[in-house]
Amino acid sequence: MKHKIGIICAGEVEINPVLSYLTNEKTTEKAMLKFYEGQIEGIDVVALACGVCKVNAAIAAQILIDTFGCNVMINGGTCGGMDQGLHVFDTVVATESAYWDVSGDILTEYHPFMKSIYFASDQKLVGLARKAADQSAQKVVFGRMMTGEIFIDQEKRAEINQIHKPLAVDMETGAIAHVCYVNQIPFIAVRTITDTGEESGVDTFDQNCDKASELSAAFIRGLLSEMG
């Protein structure tokens, strides 16, 4: 089957470096969103900035599947570093993801009746990402991402680390993984760290967002090259 890749980032700053790689661009508007179709590394892609938060991300993911026929999904952009061994501008590839702000039994006792609260990333995509990481000059780590709709402060950081022990947190990955899970669409997330426990705060995020977004986009391009 020919790949058609959906690429979702939360904000314009995060998606713009991805769009800089896009050729033969065509723009479509739907649900107050702009979808950019074209090719990167010879692979058909549809990319967009979905807006911040889980619902916006889920809307975008379902439209990419239903309207544009995307059969692989990549979530890119930025994240907050949680593991003490990680630093600003390290890139995190999700091997699994979940919500830190949703009660687990909502997913296990009700639709989609999961055995675990964690959505596993597609193993083939993870394998290709590891090959891309071997070719990359940037630091790339693989592990768990957690999603919730609050910018993480020190109090929440300790709580999330104790329960979930993630590498990173963001506000969209779990929702996109959730949509892909119920649609049986291969999914992976690639996000670069803007802030950590040592370098924290919204101002730090703002200061580092441009460069982190460029690093995430560059790694996504490398991943697409491996897919090609």
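Residues are classed as buried under 20% relative accessible area, exposed over 50% and partly exposed in between, with a 1.4 Å probe and protein chains only. The model is predicted, and local features were therefore required to have pLDDT of at least 70, side-chain atom pairs counting only at pLDDT 80 or more, while totals for chains, interfaces and linings use all residues. Residues are numbered from 1 along each chain as its sequence is written, and side-chain values use heavy atoms, with hydrogens and water left out.

The secondary structure of the protein comprises 7 helices and 10 strands; these are DSSP runs (helices H or I, at least four residues; strands E, at least two), numbered from the N terminus. The protein has a radius of gyration of 16 Å, which agrees with the value near 17 Å for a compact globule of 228 residues. The radius is taken over C-alpha atoms, and the globule rule is 2.2 Å times the number of residues to the power 0.38. Along the principal axes, the C-alpha atoms fill a box of roughly 45 × 40 × 35 Å. Of the 228 residues, 54% count as buried. Among contacts (heavy atoms within 4.5 Å) with a separation of 6 or more, 76% involve residues 24 or more positions apart.

Met-73 belongs to strand β5 (residues 72–81) and is buried, with a relative accessible area of 0%. Leaving aside residues up to four places away in sequence, Met-73 touches Gly-6, Ile-8, Ala-61, Leu-64, Ile-65, Ile-176, Cys-180, Ile-185, Pro-186, Phe-187 and Ile-188. Two of these partners, Ile-176 and Cys-180, are among the buried residues of helix α6. The C-alpha atoms of Met-73 and Val-179 are separated by 10.0 Å, with their positions 106 residues apart along the chain.

Helix α6 (residues 173–183) is itself mostly covered, 8 of its 11 residues being buried. These are Thr-173, Gly-174, Ala-175, Ile-176, Ala-177, His-178, Val-179 and Cys-180. Gln-184 follows α6 and has a positive phi, near 55 degrees.

The structure holds 4 aromatic pairs, a pair being rings of Phe, Tyr and Trp (its six-membered ring) with centres within 6.5 Å; planes under 30 degrees apart count as stacked, over 60 as edge-to-face and the rest as tilted. The pair of Phe-119 and Tyr-181 is edge-to-face, because the ring centres lie 5.7 Å apart and the planes stand at 65 degrees. Since Phe-119 lies in strand β7 (residues 119–120) and Tyr-181 in helix α6, the pair ties together parts that are 62 residues apart in sequence. Phe-119 is buried at 2% relative accessible area, whereas Tyr-181 is partly exposed at 39%. Ring pairs link both residues with Tyr-99 into a cluster.

Particular backbone geometry occurs in several loops. His-111 and Pro-112 are joined by a cis peptide bond with omega about 10 degrees, and Pro-112 is placed in the loop between α3 (105–108) and β7. Ala-31, although not a glycine, has a positive phi of about 55 degrees; this residue is found in the loop between β2 (23–30) and β3 (33–40) and is partly exposed at 46% relative accessibility. Glu-41 likewise has a positive phi, near 55 degrees, and is found in the loop between β3 and β4 (43–49). The relative accessible area of Glu-41 is 37%, so the residue is partly exposed.
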